[in-house]
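Me: I am new to this structure and would like a close look at a single part of it. Please take the open sheet and what surrounds it, and go through it step by step.

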Amino acid sequence: LHYININCTDLLVSSRWYQRSLGFEAESDIWDETFPAEVYGVGGVVHVRSQRLTLCDRETDCNIQLQQWLEPAAAGGPVTELRQPGYHRLALEVEDIAGCHQQLLQSGVQCRRAPATGKVLFLNDPDGVCLQLIEGALA
């Protein structure tokens with residue numbers, strides 16, 4: 001897996017949130033790109049602003065690319081129900097789910113509910129993208 005792309009409505013807000021709330025680090029500066037529209041199957045040109053973030057203290061790096069669509073502007077919203085087709089969540093393994101839950105609450109992050117079964121916690125990023133924290137490897 002090279003990276004996971006997460007579209008956002010405000011790159012600076014999302015970048016700060018992923019770094020402050022989940023411990024990601026900037027792997028790159030913010031950059032702008034313009035592509036011919038046919039690359040993405042839309043009309044006109046595509047202009048995006050992006051930044052790569054990483055969790056580099058893992059055995060395998062976890063890389064995400066946050067991307068703000070400037071032209072055309074972002075439309076729609078993230079998948080909100082578990083049964084909807086397509087990407088639903090990014091799951092990250094943590095050592096202490098209860099400790100992570102308390103740390104998130106103290107920093108003002110709203111979690112959907114207390115950790116389920118004591119090992120799984122769901123929360124949303126600033127755009128409502130679902131994230132899941134899992135304590136240890138689940139069988």
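**The open sheet and its surroundings**

Reply: Glu-93 stands opposite Ile-134 in β8. This is a predicted model, and that pair of residues is a convenient place to start. Strand β8 covers residues 130–135 and runs parallel to β6, with six bridges joining the two.

These strands belong to an open sheet of three, in the order β6-β8-β7, and the pairing in the sheet is mixed. The edge strands are β6, residues 89–94, and β7, residues 120–124; each of them pairs on one side only. From one strand to the next, the twist averages 25°.

Two helices pack on this sheet. Helix α1, made of residues 11–22, touches β6, β7 and β8, and its direction makes about 15° with that of β8. Helix α2, residues 97–106, also packs on the sheet with contacts to β6, β7 and β8, but its direction makes about 140° with that of β8.

Helix α1 spans residues 11–22, and aromatic rings come next. The structure holds two aromatic pairs. In one, the ring centres of Trp-17 and Tyr-18 are 5.1 Å apart and the planes stand at 80°, so the pair is edge-to-face. Tyr-18 also forms an edge-to-face pair with Phe-24, at 5.9 Å centre to centre and with 75° between the planes. Through these ring pairs, Trp-17, Tyr-18 and Phe-24 are linked into a cluster.

Are the residues of that cluster buried or exposed? Trp-17 has 8% relative accessibility and therefore counts as buried, since the cut-off for buried is under 20%. Tyr-18 is buried as well, because its relative accessible area is 0%. For Phe-24 the relative accessible area is 3%, so Phe-24 is buried too.

The stretch leading into β6 also deserves a look. Pro-72 lies in the loop between β5, residues 62–71, and β6. The peptide bond from Glu-71 to Pro-72 is cis, with omega near -10°. In general, most peptide bonds are trans.

One further ring has a charge beside it. The charged end of Arg-52 sits over the ring of Tyr-3, at 3.8 Å from the ring centre.

To put the part together: β8 stands between β6 and β7 in the strand order, and α1 and α2 both pack on the sheet.

Methods:
Residues are numbered from 1 along each chain as its sequence is written. This is a predicted model: local features need pLDDT of at least 70, side-chain atom pairs count only at pLDDT 80 or more; totals for chains, interfaces and linings use all residues. Side-chain values use heavy atoms; hydrogens and water are left out. Two strands pair if DSSP finds at least two bridges between them. Helices (H or I, at least four residues) and strands (E, at least two) are DSSP runs, numbered from the N terminus. Axes are lines fitted to C-alpha atoms, for helices over the stretch in contact, and angles run from 0 to 180 degrees between N-to-C directions. Contact means heavy atoms within 4.5 Å. Rings of Phe, Tyr and Trp (its six-membered ring) pair if their centres lie within 6.5 Å; planes under 30 degrees apart count as stacked, over 60 as edge-to-face and the rest as tilted. Buried means under 20% relative accessible area, exposed over 50%, partly exposed in between (1.4 Å probe, protein chains only). A charge sits over a ring if NZ of Lys or CZ of Arg is within 6 Å of the ring centre and within 35 degrees of the ring normal.
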